[in-house]
Amino acid sequence: MDIIILGIESSCDDTSAAIIRNGYVLSNKVANQEIHKEYGGVVPELASRAHQQNIIPVVESSLKLAGIEKKQIRAVAFTRGPGLMGALLVGTSFAKGFAISQNIPIIDVNHLHAHILSLFLREEKENNPLPPFPFLCLLVSGGHTQIVIIQDYLNSEIIGQTIDDAAGEAFDKCAKVMGLPYPGGPLIDEFARKGNRNKFLFNKPQIPDLNYSFSGLKTSFLYFLRDKVKEDQDFIKKNKTDICASIQYTINSILLNKLIKASLETGINNIAIAGGVSANSGLRQEFIIEGKKRNWNVFLPEFKYSTDNAAMIALTGYHKYLKGQYASHSDVPFARTKSNSLNH
Ligand code: KG4
Ligand code: ZN
C-alpha cells in the first residue's frame with residue numbers, strides 16, 4: 001500500500017503544504033507573505049495571522065494538485081521548530097486537528113533536518129543523483145549556519161556553526177543597509193550578477209575551528225558605506241552592482257573556506273549545501289568550481305527546494321514514519337534547538 005504523507009511548514013513567513021508518495025513529491029504549494037517587505041523583516045504577529053489565513057487553502061490546493069483524497073493520507077508531518085512560536089503554533093495545531101479528523105499519526109519535524117533532506121527531493125520520474133552517506137552539509141538559512149555530518153536519513157552531527165549571525169541574516173542585513181527591501185539575499189544575488197566582485201575588499205573574520213561569525217562583517221560593511229556616502233551621496237546608487245558582487249563574494253568565500261576545512265578534517269568528499277542561501281547563484285557556482293578542483297562529489301537541492309517548503313517536511317516525516325517515530329498530541333513547538341543534533 002502506498003505511503004502518502006502530508007507535510008506542513010509554517011516556521012517563518014512561508015505557509016506551505018506538500019504531498020509525498022513513497023518518498024516522491026506529488027505536490028508542493030508555497031504561499032509567500034508579501035506583507036513583511038515594507039517592514040524590513042518578518043513581523044511575527046503578521047506572520048501568524050497570514051499563516052492562519054493561508055493554511056487551509058494551501059493544503060486544499062496541494063491535495064488537489066496531487067490528486068489525493070484526505071482519506072488516503074497515512075500521517076501528517078509538521079515543522080515543530082525552530083522558528084517563530086506564533087507561526088509554528090498555526091502549523092502544529094492544524095496538523096493535530098487534521099490528524100484527529102482522519103485518525104492518523106502526527107510526526108514532528110525539525111526544520112533544519114528537513115532542509116538537509118531537501119537534497120533528496122524528487123518526483124517519480126526524476127533520477128538525479130542523491131548524496132551517499134556519510135556526507136557533509138553546509139546548512140545556510142536565514143536563522144542558521146552550520147556544518148553537519150549526515151550519517152543517514154535520521155542521524156547527524158553538527159561540527160561547526162555560527163557564533164552570532166547566520167549567513168542569510170548577513171545577506172539581509174547588508175541589503176537593508178543599502179536600502180533594499182526584505183528579504184535582501186535574492187536582490188543582492190540579482191545585482192551581483194552584473195557587478196565586479198573584486199571591486200571592494202572586506203575583511204574576513206578569523207574564527208577558530210569550523211565555526212562562523214558574520215556580525216563583524218556586517219558592521220564593517222555599514223561603516224564602509226557610511227564613509228563612502230559621506231564623500232559622495234550617490235555612492236550606493238552608482239556602485240550598486242559592484243557593492244553587491246563584492247559583499248556576496250566575501251560571504252560566500254567565508255562559507256566555502258570552512259567547508260573546505262571540514263572536508264580536509266573529516267576526510268569526507270561527498271559535500272552538499274542546503275537552506276535558503278543555497279539558492280544564491282554565486283555560491284552555487286563557486287561551490288561547483290571548488291568541488292571540481294578538489295574532486296568532491298557535490299550536491300545542491302533543486303532551486304525551488306532551497307528556500308522554505310513543505311516537501312522537505314513531508315519527506316523527513318516519511319523517513320520518520322518508516323521508523324515509527326511519531327509525535328504525541330501533547331508535544332508543543334520549540335522556537336530554538338536545544339541539542340547538538342538535528343533530530344530533536
Ligand atoms: O531557508 P530559508 O528559506 O528560511 C529559513 O529557514 O531561514 O532561508 C531564508 C534566507 C533569507 O535570509 C534569504 O535572504 C536567503 O535565505 N536567500 C538568499 C537567496 N535566496 C534566499 N540569500 C542569498 N541569495 C539568494 N539567492
Ligand atoms: Zn528554512
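**Entry 1: helices H7 and H8**

I began with helix H7, which passes H8 in a right-handed crossing, and I note here that the model I am reading is a predicted one. H7 covers residues 235-266, and I found it packed against H8 at an angle of about 35°, with the two axes 10 Å apart. On the H7 side I listed Gln248, Tyr249, Asn252, Leu255, Leu256, Leu259 and Ile260 as the residues that make the contact, and on the H8 side Gly282, Leu283, Glu286, Phe287, Glu290 and Arg294. Sorting these residues by class, I obtained seven nonpolar, three polar and three charged for the contact of H7 with H8.

**Entry 2: the end of H8**

I then followed the chain out of helix H8 (281-294) into the loop that leads to strand S10 (297-299), where Asn295 lies. I looked up its backbone and found that Asn295 has a positive phi of about 60°, although it is not a glycine. Is Asn295 buried or exposed? Its relative accessible area is 62%, so I entered Asn295 as exposed.

**Entry 3: a second asparagine with positive phi**

I made a similar note for Asn103, whose phi is near 55°, again a positive value in a residue other than glycine. Asn103 lies in the loop between H2 and strand S5 (106-110). Its relative accessibility of 71% is why I recorded Asn103 as exposed.

**Entry 4: Phe171**

Next I turned to Phe171, which lies in helix H4, and asked whether it is buried or exposed. Phe171 counts as buried because its relative accessibility is 2%. Leaving aside the neighbours within four places in sequence, I found Phe171 in contact with Gly184, Gly185, Ile188, Gln248, Ile251, Asn252, Val277 and Asn280. Of these partners, Gln248 and Asn252 had already come up among the H7 residues that meet H8. I also looked up one C-alpha separation, that of Phe171 and Leu187, which lie 16 residues apart along the chain and whose C-alpha atoms are separated by 9.3 Å.

**Entry 5: H4 against H5**

The glycines in the Phe171 list sent me to helix H5 (residues 184-192), which packs with H4 at an angle of about 75°, their axes being 7 Å apart. I therefore wrote the pair down as roughly perpendicular. The H4 residues that make this contact are Phe171, Asp172, Cys174 and Ala175, and their counterparts on H5 are Gly184, Gly185 and Ile188. By class, I read four nonpolar, two polar and one charged for the contact of H4 with H5.

**Entry 6: H4 against H6**

How do the axes of H4 and H6 cross? The axes of helix H4 (residues 167-177) and helix H6 (residues 215-231) come within 10 Å and cross at roughly 15°, so I counted H4 as roughly parallel to H6. The crossing in which H4 passes H6 is right-handed. Lys173, Cys174 and Val177 of H4 and Lys218, Phe221, Leu222 and Leu225 of H6 make the contact, and Cys174 is also one of the H4 residues that I had listed against H5. The contact of H4 with H6 has five nonpolar and two charged residues, and no polar ones.

**Entry 7: cysteines**

Having met Cys174 twice, I checked for disulfides, and the count came to zero. Why is Cys12 not bonded to Cys174, whose sulfur is the closest cysteine sulfur to its own? The two sulfurs are 19 Å apart, which is too far for a bond, given that a pair has to lie within 2.5 Å to be a disulfide. Cys137 gave a comparable note, because the closest cysteine sulfur to its own is that of Cys12, at 19 Å, again too far for a bond. As to their surroundings, I entered Cys12 as partly exposed, at 22% relative accessibility, and Cys137 as buried, with a relative accessible area of 0%.

**Entry 8: cis peptide bonds**

Finally I looked at peptide bonds that precede proline. The bond from Gly81 to Pro82 is cis, with omega near -10°, and Pro82 lies in the loop between strand S4 (75-81) and helix H2 (85-102). The bond from Phe133 to Pro134 is likewise cis, with omega near -10°, and I placed Pro134 in the loop between helix H3 (111-117) and strand S6 (135-140).

Methods
Residues numbered from 1 in each chain as written. Chains lettered and ligands numbered in written order. Predicted model: local features only at pLDDT ≥ 70, side-chain atom pairs only at ≥ 80, totals over all residues. Heavy atoms only, no water. Buried < 20%, exposed > 50% of the residue type's maximum accessible area, 1.4 Å probe, protein only. Axes fitted to C-alpha atoms, helices over the stretch in contact; angles between N-to-C directions. Helix = DSSP H or I, 4+ residues; strand = E, 2+ residues; numbered from the N terminus. Parallel < 35°, antiparallel > 145°, perpendicular 65-115°, else oblique. Left-handed = near helix turned anticlockwise from the far one by under 90°. Contact = heavy atoms within 4.5 Å. Nonpolar A, V, L, I, M, F, W, Y, C, P; charged D, E, K, R; others polar.
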